[in-house]
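Colleague: Could you take a close look at one part of this model for me, the salt bridges and the helix they involve? Walk me through it in one go, please.

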Amino acid sequence: MTIRDMLETHPAPTIGDLDALVRCIESCGDCAAACTSCADADLGEGDVQDLVRCIRLCLDCADVCDATGRIVTRQTAPDVGVVRAALESCLVACRACRAECHRHAEHHEHCRVCAEVCSRCEQACQDLLASID
């Protein structure tokens with residue numbers, strides 16, 4: 001069973017475009033996992049002191065993505081203002097994490113991967129926001 005299957009069987013209409021919603025939920029989950037993994041990998045690096053900000057932003061982004069994914073998954077009686085605020089927060093967190101991971105991407109492959117995943121999540125949140133406006 002996939003999130004698309006669940007949303008298609010839900011009795012309430014979806015918030016925004018179904019394809020954009022599915023991409024957002026999946027991207028938020030992927031980003032939360034990638035950011036958590038990147039922060040953990042940062043802790044194992046020899047230059048961990050230089051990665052403190054990256055670790056912090058990765059963990060913040062993981063938390064925001066996790067919460068956003070859960071908020072947009074719930075379709076019953078949504079408050080569109082809350083949904084928009086969650087998506088906007090996710091955009092900000094992904095943007096900050098992406099920029100910081102990009103700074104370290106040349107030296108740490110996990111940061112390069114994390115920056116790419118953050119970029120995809122950022123785009124998925126923008127797409128869903130555009131479909132609910």
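Modeller: E109 and R112 sit three residues apart in helix α5, so about one helical turn separates them. That spacing suits a pairing, because an α-helix has 3.6 residues a turn and residues three or four places apart point the same way. Keep in mind that this is a predicted model. In it, E109 and R112 form a salt bridge, with the closest N and O atoms 2.4 Å apart. E109 has 47% relative accessibility, so it counts as partly exposed, and R112, at 29%, also counts as partly exposed. Elsewhere, R4, E8 and D19 are joined into one network by salt bridges that share partners.

Searching the whole structure turns up 10 salt bridges. One of them pairs R53 with E100, at 3.6 Å from N to O. Here R53 belongs to helix α3 and E100 to helix α4, so the pair ties together parts that are 47 residues apart in sequence. The two ends sit in contrasting surroundings: R53 counts as exposed because its relative accessibility is 52%, and the cut-off is over 50%, while E100, at 6%, counts as buried.

Helix α4 has a link to α5 as well. R95 and E122 make a salt bridge whose closest N and O atoms are 3.0 Å apart. E122 lies in α5 and R95 in α4, so this pair ties together parts 27 residues apart in sequence. Again the carboxylate partner is the buried one: E122 has 8% relative accessibility and so counts as buried, whereas R95, at 35%, counts as partly exposed.

Now for α4 itself, which covers residues 80–104. Its 25 residues should span 36 Å at 1.5 Å a residue, and the end C-alpha atoms are indeed 36 Å apart, so the two values agree. At the N-terminal end, D79 acts as a cap, with a side-chain oxygen 2.8 Å from the backbone nitrogen of G81. Along the helix, the buried residues include V83, A86, L87, C90 and L91, then A93, C94, C97 and C101. E100, the partner of R53, is on that buried list too, as is H104. What do these buried residues pack against? Their neighbours are α2 (18–44), α3 (52–73) and α5 (109–132). So α3 and α5 meet α4 in two ways, because they pack against its buried residues and also supply R53 and E122 for the salt bridges to it.

Technical notes
Residues numbered from 1 in each chain as written. Predicted model: local features only at pLDDT ≥ 70, side-chain atom pairs only at ≥ 80, totals over all residues. Heavy atoms only, no water. Helix = DSSP H or I, 4+ residues; strand = E, 2+ residues; numbered from the N terminus. Expected span 1.5 Å × (residues − 1). Buried < 20%, exposed > 50% of the residue type's maximum accessible area, 1.4 Å probe, protein only. Contact = heavy atoms within 4.5 Å. Polar contact = N/O pair within 3.5 Å; in protein donor to acceptor, adjacent residues only side chain to side chain. Salt bridge = Lys/Arg side-chain N within 4 Å of Asp/Glu carboxyl O.
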